[in-house]
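Good morning, and thank you for making time for this item. I should like to take you through some points of helix packing and core composition.

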Amino acid sequence: MKVGDIMTTDPVCVKESDLMTHARHVLRENHLHGLPVLDNKGYVLGMLDDQDILRMRSNKSEVTVGGYIRETPLITPDTDVREAAKLLLQARQHRCAVVKSSTDRTIVGILSDKNILRNAHVSKMEPKAVSNVMNSRIQTAYPDDSIAKIWGNMLEWDFSGIPVISHENEAMGMITRSDIIKSGFARIRDHSGDMHNNGSGDSPKVERVMSTPLYSISSDTTISKAIESLNRHNVSRICVTNDNKIIGMVDRFTMLKECVDGLGYL
């Protein structure tokens, strides 16, 4: 299977000279997690990630996209999917621009871990439980936490999503970078780290933007079933729970590694 068989075509892009505020608008309006960055000739320079958008501190910033470009692996439509998955894992990136060839960096598509997992041969996987690979050191948020606080935590911990629990430790939902960006609250953050929405001076609460319901699986769920759940719910991560208490979490990146490490899954 080749990248050209599964990549997303007609990607939305930004130019290196565009303002970051424009890029944030493009991400929000198109419900995206990352954008290819092109030069003035239309050649791929790299990717812009939604984490870069969260690092912005001012709605009036004149900072351009060029200062946030992330280098990406060279992937073409003829690249084998398994090899492309390895390149994404090595670069620790969830998505990458696909260019026409090694000598022509014209963009032709986007390859993401989502594309790959939707085409993985999960039925061939060994019945390995997620308890063997889940991240059991989970940071959580409360619904009455401020978005400003969680925003800062996401940047500090380099997390793209954080489970939301009640004060009785029961699973409630998930707050992600995309939730904050799409909500429109990711507009103005002053140098003290406080966030203000529409000049109110108050940082909104997590409960206003978190995603519900919280999708979950049990610790004895097989990796293949976990991948199927991620695909079915169209989410990047899924919690592992016991009696509605979160005991771990798995994400697409972890599942992609399992597919690459096994034989014949891609």
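H8 and H9 are oblique to each other, because their axes cross at roughly 135°, and angles under 35 degrees count as roughly parallel, over 145 as roughly antiparallel, 65 to 115 as roughly perpendicular and the rest as oblique. The axes come within 11 Å; they are lines fitted to C-alpha atoms over the stretch in contact, with angles from 0 to 180 degrees between N-to-C directions. Helices are DSSP runs of H or I with at least four residues, strands are runs of E with at least two, and both are numbered from the N terminus.

This is a predicted model, in which local features need pLDDT of at least 70 and side-chain atom pairs count only at pLDDT 80 or more, while totals for chains, interfaces and linings use all residues. Residues are numbered from 1 along each chain as its sequence is written, and side-chain values use heavy atoms, leaving out hydrogens and water.

Which residues meet between H8 and H9? Ile-223, Ala-226, Ile-227 and Leu-230 in H8 meet Arg-252, Met-255, Glu-258 and Cys-259 in H9, contact being heavy atoms within 4.5 Å.

Turning to the core, the largest nonpolar one has 34 residues, of which Leu-111, Ile-116, Ile-227, Val-250 and Met-255 touch the most other members. Such a core joins buried (under 20% relative accessible area, 1.4 Å probe, protein chains only) Ala, Val, Leu, Ile, Met, Phe, Trp, Tyr and Cys residues through side-chain atoms within 4.5 Å. Elements giving two or more residues to this core include H8 (223-233) and H9 (252-261).

Methods: Buried means under 20% relative accessible area, exposed over 50%, partly exposed in between (1.4 Å probe, protein chains only).
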